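Q: I am new to this structure and would like a close look at a single part of it, the largest pocket and what lies around that pocket. Please go through it step by step.

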Amino acid sequence: MSPESRERARQKAVELRKEMDLAELRNAMRLSQEELARALKIGQASVAKMERRTDMYVSTLRRVIKAMGGELDIVARFPDHCISITSFSQVREACREDNVTPEAP
């Protein structure tokens, strides 16, 4: 491969690592479904089902990421700034201040 092709491949690999579903993330962390299930104190079938879900509670996702050894950060990105959300009570408070109704969880 040419140096340019290698660089394009490297850049693509970097970009792909930024976006993973839960199964890909678990595999990247070199964890089996069984190992993750033990850490979460649930069955392996529940992990498999969870990995196929298209929607889940933030609290569930936070538990999964913590069981993998990570920490979940939620960031609201706006054109001129970003806000790290540490709890959803902060969102409710900000909405009250702006007279906006927050969506139900």
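A: A contact here means heavy atoms within 4.5 Å. The model is a predicted one, and the values below are computed from it.

The largest pocket has a volume of about 470 Å³. Of the 20 residues that line this pocket, Met20, Asp21, Leu22, Leu25 and Ile65 are the closest to its centre. Four helices each give two or more residues to the lining: H1 (3-18), H2 (22-28), H4 (44-52) and H5 (58-67). The largest share, three residues, comes from H2. By type, the lining divides into ten nonpolar residues, one polar residue and nine charged residues.

Helix H2 also holds Arg26. Arg26 has a relative accessible area of 7% and counts as buried because this value is under the cut-off of 20%. What does Arg26 touch, leaving out residues up to four places away in sequence? Its contacts of this kind are Leu31, Ser32, Gln33, Leu36, Glu51 and Met68.

Two of these contacts of Arg26, Leu36 and Met68, lead to the next part, since both belong to the largest nonpolar core. The core has nine residues in all: Leu22, Leu36, Ala37, Leu40, Val47, Met50, Val64, Ile65 and Met68. Helices H3 (33-40), H4 and H5 each give two or more residues to this core. H3 gives the largest share, which is three residues. Leu22 and Ile65 appear in the core and are also among the residues closest to the centre of the pocket.

Leu40, another member of the core, can be followed in the same way. Not counting residues up to four places away in sequence, Leu40 touches Met50, Arg63, Val64 and Ala67. Of these, Met50 and Val64 are themselves core residues.

The chain also has a pair of strands, which can be described briefly. Strand E1 (residues 74-77) and strand E2 (residues 82-85) run antiparallel and are joined by four bridges. The two strands form a hairpin, with four residues between them. One of the pairings is that of Arg77, whose bridge partner in E2 is Cys82.

To return to the starting point, H2 gives the largest share of the pocket lining, and Arg26 is found in that helix.

Technical notes
Residues numbered from 1 in each chain as written. Predicted model: local features only at pLDDT ≥ 70, side-chain atom pairs only at ≥ 80, totals over all residues. Heavy atoms only, no water. 1 Å grid on protein atoms, 1.4 Å probe; cavity = no way out; pocket = protein on both sides within 12 Å on 5 of 7 lines; lining within 4 Å. Points joined across faces, edges and corners; volume = space filled by probe spheres on them. Nonpolar A, V, L, I, M, F, W, Y, C, P; charged D, E, K, R; others polar. Buried < 20%, exposed > 50% of the residue type's maximum accessible area, 1.4 Å probe, protein only. Pairing = 2+ DSSP bridges. Core = buried A, V, L, I, M, F, W, Y, C linked by side-chain atoms within 4.5 Å.
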